[in-house]
Amino acid sequence: MFKGTDQYIASAALQQAVNAAIILEKPLLIKGEPGTGKTMLAEELARSLDTRLIQWHIKSTTKAQQGLYEYDAVSRLRDSQLGDPKVHDVSNYIVKGKLWEAFIDEKRPVLLIDEIDKADIEFPNDLLLELDKMEFHVYETGEQVKAKVRPIVIITSNNEKELPDAFLRRCFFHYIDFPSKEEMSQIIDVHYPNIKANLVKNALESFFDLRETPNLKKKPSTSELLDWLKLLMAEDISPDALHDKSNTGGLMPLFGALLKNEQDVTLVEKLAFLSRR
């Protein structure tokens, strides 16, 4: 049973979701804000089970067929023009996709389908049968590829677009809530066990105050907080400096790790100015 790892703090609800998906042999669909550890979950699950992680990172141009296999007709045509004898065996031109890799593993792997919502709206539906039956047909060779052991499938989404109902029915769903201050302290302790307690206290206060700023276009994430703390330690910034209103524009030191667009920087500067008046 998955209980998190020494590198990954998993809430009780997330642990239940992972274990439920494994028992049901259904894909686990994970949603949550960017930077909340969705991709890292798959990495740490594979590590905890001492098994292989197969990662399929989805782009806007990715097609479902690429996850199964691709037929390299161009290479075959070139080889035929050169008189290469391997052209007589079409299997030499079949490029295995990530699902094929997962299906032929002897030991149950973890298959990560990362950021599925980046692809075309038809992408999830195009994978329904293969994820359900755990097999597919290779038309060029006539072979049927069937999973030796059913992989543990983790699918992540940043909620950029709605996923089809038929696809959602086949998944076990979990939304990763943003960590509380207490959970965030645990996460920080895992990554920076020797960090000063008062630096963590002041940094968390500044961080959560920032996240609660009205009309913020992009709230800073867990991964950005960890980057910020790394910089604060590297620059040996005093914990008291995090609340020093005399900082340039009233902003926290090294704010570029947390604020990622000019609208948010301007907004926070204005609010800091108004609070000093």
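So, how many cavities of 30 Å³ or more does the structure hold? One. Before I go on: this is a predicted model, where local features need pLDDT of at least 70, side-chain atom pairs count only at pLDDT 80 or more, and totals for chains, interfaces and linings use all residues. Residues are numbered from 1 along each chain as its sequence is written, and side-chain values use heavy atoms, with hydrogens and water left out.

Okay, the cavity. By that I mean a set of points, on a 1 Å grid over the protein atoms alone, where a 1.4 Å probe fits but cannot get out; lining residues have an atom within 4 Å of a point. The largest cavity has about 70 Å³ of space. Its lining includes A21, I22, R108 and M134, and α1 (12-24) and β8 (152-157) each give at least two residues to that lining.

Now the largest pocket, a pocket being an open set with protein on both sides within 12 Å along at least five of seven lines. Here we have about 700 Å³. There are 34 lining residues, with Y8, G35, T36, G37 and K38 nearest the centre. Helix α9 (181-191) is among the contributors, and α9 brings the largest share, five residues.

Last thing, D264, over in helix α12 (residues 262-276). D264 is buried (under 20% relative accessible area, 1.4 Å probe, protein chains only). Still, D264 has no salt bridge (a side-chain nitrogen of Lys or Arg within 4 Å of a carboxyl oxygen of Asp or Glu). The nearest side chain of opposite charge is K217, 7.4 Å away. What D264 does have is a side-chain polar atom 3.0 Å from the backbone nitrogen of K218.

Note on methods:
Grid points are joined across faces, edges and corners, and a volume is the space filled by probe spheres set on the points. Helices (H or I, at least four residues) and strands (E, at least two) are DSSP runs, numbered from the N terminus. Buried means under 20% relative accessible area, exposed over 50%, partly exposed in between (1.4 Å probe, protein chains only). Lys and Arg count as positive and Asp and Glu as negative; His and the chain ends are not counted. A polar contact is a pair of N or O atoms within 3.5 Å; within protein, one must be able to donate a hydrogen and the other to accept it, and residues adjacent in sequence count only if both atoms are side-chain atoms.
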